[in-house]
Amino acid sequence: MNKKMVTIIAALAMCTAMAGCTGNDTASSSKAETTTTTTAAAESTAPAESTADSTSANVGTTDYDVDGNFRAFEQMKDKYEGNYLANLTGQMSNNGTKYTICIKDGKAYQALTVQGMKSYTVCPGDGKLYNVSEGTTTYSIEDFDENELKAADILFGATLDFDHAYIDTTTNVVHEYYNLDSSVSGGEGQIVYGFDGATYDLKQVVLLPEGADESSAVYFTVDSMGEADDSLLAVPDLSAYTKE
């Protein structure tokens with residue numbers, strides 16, 4: 001796996017390192033106990049279950065039933081898996097970092113903007129990974145195995161079985177917890193999807209590594225999500241860039 005790709009492995013490794021989580025008694029598979037916000041402008045903390053009644057339906061303005069068969073993630077997966085463009089904003093440890101992820105037909109594009117400096121990677125399906133820095137106007141090209149793109153698909157690539165859900169009545173956000181496939185993510189843990197209780201639009205994604213304190217997890221608010229943009233998945237024009 002190319003280290004410059006923004007992967008689930010990298011995200012989990014980052015928050016595990018920050019937490020110093022070896023031997024930590026707080027496991028990500030347990031239910032979180034702090035409060036969450038789901039707007040990009042607000043500081044995000046771990047999803048809170050203590051403020052919600054996790055056994056009842058029709059809480060607030062949502063008709064979501066935590067004990068029912070409907071899962072907002074499955075609805076989103078049916079619509080976007082393998083064909084999506086998502087714009088995310090990092091919270092907490094990666095606060096303010098802008099992420100763009102585009103996945104389609106075994107191809108991938110990822111961009112990061114940190115303090116106005118943008119860099120991006122493209123896997124256009126030719127067995128190569130193009131790393132481009134707009135700040136330094138440089139690029140590099142490396143071999144890449146498209147079979148490993150699953151780890152770069154942060155929204156769907158490592159999501160396994162549903163664990164539990166709860167409704168935060170203070171924000172009307174439905175939180176669904178899923179276990180991570182460690183063979184893809186590179187570590188045990190969970191991914192938490194926060195959905196608007198009225199529309200079931202995705203509002204937040206949280207990666208919780210096994211054994212890490214929730215305050216050291218990786219948080220993203222979702223600014224927008226739609227179908228993939230094919231123009232992002234083409235071989236980039238590198239005529240104005242210098243090869244590293």
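Here is a short dialogue about how to read some features of this predicted model.

Q: I'm new here, so let's start with the overview. How many helices and strands are in the chain?

A: The chain has three helices and 12 strands. As a first feel for the rest, 50% of its 244 residues count as buried.

Q: What part of the contacts in the chain comes from residues far along the sequence, 24 or more positions apart?

A: Take the contacts with a separation of 6 or more: residues 24 or more positions apart account for 55% of them.

Q: And what about the surface? How much of the accessible surface belongs to carbon and sulfur atoms?

A: The chain's accessible surface comes to about 10900 Å², and 46% of that belongs to carbon and sulfur atoms.

Q: Now pockets. How much space lies in the largest pocket?

A: About 270 Å³. Its lining is made up of 14 residues, and those nearest the centre are Tyr 80, Tyr 200, Asp 201, Leu 202 and Met 225. Three elements each give two or more residues to that lining: helix H2 (72-80), strand E10 (202-209) and strand E11 (218-226).

Q: Which element gives the most to the lining of the largest pocket?

A: That's H2, with five residues.

Q: How many residues of the lining are nonpolar, polar or charged?

A: Sorted by class, the lining of the largest pocket holds seven nonpolar, three polar and four charged residues.

Q: Let's zoom in on one of those residues. Where does Met 225 lie, and is it buried or exposed?

A: Met 225 lies in strand E11. To read burial, look at the relative accessible area: under 20% is buried and over 50% is exposed. Met 225 has 21%, so it falls in between and counts as partly exposed.

Q: Which residues are in contact with Met 225, leaving aside its neighbours within four places in sequence?

A: Met 225 is in contact with Met 76, Tyr 80, Tyr 84, Leu 85, Ala 86, Leu 155, Phe 156 and Leu 202. Tyr 84 shows how sequence and space can be read side by side: Met 225 and Tyr 84 are 141 residues apart in sequence, with their C-alpha atoms 7.0 Å apart in space.

Q: Phe 156 is on that list. Where is Phe 156 found?

A: Phe 156 is in the loop between strand E6 (138-143) and strand E7. With 5% relative accessibility, Phe 156 counts as buried. Setting aside neighbours within four places in sequence, its contacts are Phe 73, Met 76, Lys 77, Tyr 80, Glu 81, Tyr 84 and Met 225. You can also try the sequence-and-space reading with Ile 191: the two residues are 35 apart in sequence, and C-alpha to C-alpha they are 9.8 Å apart.

Q: Back to strand E11. Is Tyr 219, which lies in that strand, buried or exposed?

A: Tyr 219 counts as buried, at 0% relative accessibility. Its C-alpha atom is 6.6 Å from that of Leu 207, a residue 12 places away along the chain.

Q: Next, backbone angles. What is the usual sign of phi?

A: Most residues other than glycine have a negative phi. In this model, Asn 172 has a positive one, near 55°, and Tyr 200 has a positive phi of about 65°. Neither Asn 172 nor Tyr 200 is a glycine.

Q: Where do Asn 172 and Tyr 200 sit?

A: Both are in loops. Asn 172 is in the loop between strand E7 (159-168) and strand E8 (173-180), while Tyr 200 is in the loop between strand E9 (189-196) and E10. Asn 172 counts as buried at 15% relative accessibility, and Tyr 200 is buried too, at 14%.

Q: Last one: what is a disulfide, and how many are there here?

A: A disulfide is a covalent bond between the sulfur atoms of two cysteines. The count for this model comes to zero. As for the burial of cysteines, Cys 102 has a relative accessible area of 0% and is buried, and Cys 123 is likewise buried at 0%.

Technical notes: Residues are numbered from 1 along each chain as its sequence is written. This is a predicted model: local features need pLDDT of at least 70, side-chain atom pairs count only at pLDDT 80 or more; totals for chains, interfaces and linings use all residues. Side-chain values use heavy atoms; hydrogens and water are left out. On a 1 Å grid over the protein atoms alone, a cavity is a set of points where a 1.4 Å probe fits but cannot get out, and a pocket is an open set with protein on both sides within 12 Å along at least five of seven lines; lining residues have an atom within 4 Å of a point. Grid points are joined across faces, edges and corners, and a volume is the space filled by probe spheres set on the points. Helices (H or I, at least four residues) and strands (E, at least two) are DSSP runs, numbered from the N terminus. Ala, Val, Leu, Ile, Met, Phe, Trp, Tyr, Cys and Pro count as nonpolar, Asp, Glu, Lys and Arg as charged, and the others, Gly among them, as polar. A disulfide is a pair of cysteine sulfur atoms within 2.5 Å. Buried means under 20% relative accessible area, exposed over 50%, partly exposed in between (1.4 Å probe, protein chains only). Contact means heavy atoms within 4.5 Å. Accessible areas come from the Shrake-Rupley method with a 1.4 Å probe; for residues, only the protein chains shown count as cover.
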